[in-house]
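Please open the structure in your viewer and keep the selection tool at hand. The tour below goes from stop to stop, saying at each one what to select and what can be found there.

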Amino acid sequence: MLPVPQISAFNPPRRILMGPGPSDVYPEVLAAQAKPTIGHLDPLFVNMMDELKQLIQYAFQTKNEMTLAVSAPGSAGMETCFVNLVEPGEKVIVCRNGVFGERMRQNVERVGGVAVVVDNEWGQPVCPQDVEQALVAHPDAKFLAFVHAETSTGALSDAQTLCTLAQLHNCLTIVDAVTSLGGVELRVDEWGIDAIYSGSQKCLSCVPGLSPVSFSDKAVAKLKSRQTPVQSWFLDQTLVMGYWGNAAGGKRSYHHTAPVNALYALHESFRVLANEGLENAWARHHNMHVLLRDGLSKLGLKFVVDEAYRLPQLNAVYIPEGIDDALVRKQLLEQYNLEIGAGLGALAGKAWRIGLMGFGARRENVALCLKALEDVIPK
């Protein structure tokens, strides 16, 4: 017999999370997650799922019937879209202007698709002219895939224009909205987005581990007409849709044991967003960004992304020359209980990423962050 581990209960400190995610969780959401667990096919839970579906539709601004929450984080939401829609040999125009565009490319190739990459410089949005050239050069392309809000740089791309281009060239769109949902304008039906995924831990200020997704009727038709089976059993939406009430007859079928308490939390976070109102939430994120922007400028910190296409909820700033990146973040954590993010990929060691997401996008967080940076950055 192995010895009995002598381990105390884990008691995390209360941090102020101002990195690229997870964000500060709403107190109401934490409380919702602590409610009694019931069965995932309990009639009361099924009713809660129906409400959650309506709330996700509101946040995405869509009437798509196939709208649900994948029982896994945003990366699984990404894989859900690619593994269900892209078949071996199909060509996908993939826009890459940061880490997460590259992950899209990898998903395409893992399912046997052919990725045609449109590269733009880190910190720049996806260029519509470059995308149009790729679409013209590859008339057999089936999909256009891009990141709406690139978390690695803080750049916001023009999703509406990119979707219009895709429609003109008979392509379905696959859109990453992990960081944009709830923080900036996003209109799935009006812009013609076909498949979209997000994450619970960014502007929704929910616990990590869930991914809201939505598929248009055209995307569902593509899924149902597949010539090959979906690679992943767990993410196969032809199986999952029966659990979320999208199957013929509307009867719920067992697929997997849903993360019951986490879905309570997601239901509450979307309810908080709906009570605030989408446009109010978008305005709040913008207003808090302006406060942070002005304060960071006074500290001499320069943004990676130009203001015209800068995300309000993800602020990437260059680290001043001679400043120890890890030391500053360590001091913020130890002295202020404040977390900001390091740079990713090409920006590793060169930039900090400061999040203003969901519950974290409030004046006291901005004031604390600015004061803490002023104290710990050597003059």
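How are H12 and H13 oriented to each other? Keep in mind throughout that this is a predicted model, and begin by selecting residues 325–336, which form helix H12, together with residues 363–376, which form helix H13. These two helices pack at an angle of about 120°, with their axes 10 Å apart, and H12 and H13 are therefore oblique to each other. If you look at how they cross, the crossing of H12 and H13 is right-handed.

From H12, move on to Asn-337, which sits in the loop between H12 and strand E12 (338–339). Its phi is near 55°, a positive value in a residue other than glycine, and Asn-337 is partly exposed, with a relative accessible area of 27%. Next, select Leu-338 together with Arg-14, whose C-alpha atoms are separated by 9.4 Å although the two residues are 324 apart along the chain. Arg-14 belongs to the segment before E1 and, at 72% relative accessibility, counts as exposed.

Now select Gly-21 and Pro-22, which are joined by a cis peptide bond with an omega of about 5°. Pro-22 is found in the loop between strand E1 (16–17) and helix H1 (27–33).

The next stop is a second pair of helices, H3 (residues 74–85) and H4 (residues 99–110), which pack at an angle of about 45° with their axes 10 Å apart. That angle makes H3 oblique to H4, and the crossing of H3 and H4 is right-handed.

Stay with H4 and display its charged side chains. Side chains of opposite charge can pair when their charged atoms come close. Glu-109 forms a salt bridge with Arg-105, the closest N and O atoms being 2.8 Å apart, and, being four residues apart in helix H4, Glu-109 and Arg-105 are separated by about one helical turn. Buried or exposed, how do the two partners count? At 45% relative accessibility Glu-109 counts as partly exposed, whereas Arg-105, at 17%, counts as buried, because buried means under 20% relative accessible area. Add Glu-102 and Arg-96 to the selection, since they too form a salt bridge, with the closest N and O atoms 2.7 Å apart; here Arg-96 counts as partly exposed at 23% relative accessibility. With Asp-119 also selected, you have a network of salt bridges that links Arg-96, Glu-102, Arg-105, Glu-109 and Asp-119.

For another pair, select Arg-293 and Asp-294, whose side chains meet in a salt bridge of 3.0 Å from N to O, with Asp-294 partly exposed at a relative accessible area of 35%. A search of the whole structure finds 19 salt bridges.

Turn then to Ser-205, in the loop between strand E9 (195–197) and strand E10 (211–215). Its phi is near 50°, a positive value in a residue other than glycine, and at 0% relative accessibility Ser-205 counts as buried. Further along, select Ala-219, which lies in helix H8 and is likewise buried, with a relative accessible area of 0%. The C-alpha atoms of Ala-219 and Leu-172 are separated by 7.2 Å, while the residues themselves are 47 apart along the chain.

For the last stop, go to Trp-233, in the loop between helix H8 (217–224) and helix H9 (237–240). Trp-233 is exposed, with a relative accessible area of 53%, and together with Phe-234 and Leu-239 it makes a nonpolar surface patch of about 300 Å².

How values were computed: Residues are numbered from 1 along each chain as its sequence is written. This is a predicted model: local features need pLDDT of at least 70, side-chain atom pairs count only at pLDDT 80 or more; totals for chains, interfaces and linings use all residues. Side-chain values use heavy atoms; hydrogens and water are left out. Patches are made of residues with over 30% relative accessible area and no salt bridge: like charges are joined within 9 Å, nonpolar side chains (Val, Leu, Ile, Met, Phe, Trp, Tyr) within 5 Å. Accessible areas come from the Shrake-Rupley method with a 1.4 Å probe; for residues, only the protein chains shown count as cover. A salt bridge is a side-chain nitrogen of Lys or Arg within 4 Å of a carboxyl oxygen of Asp or Glu. Buried means under 20% relative accessible area, exposed over 50%, partly exposed in between (1.4 Å probe, protein chains only). Axes are lines fitted to C-alpha atoms, for helices over the stretch in contact, and angles run from 0 to 180 degrees between N-to-C directions. Angles under 35 degrees count as roughly parallel, over 145 as roughly antiparallel, 65 to 115 as roughly perpendicular and the rest as oblique. A crossing is left-handed if the near helix is turned anticlockwise from the far one by less than a right angle, and right-handed if clockwise.
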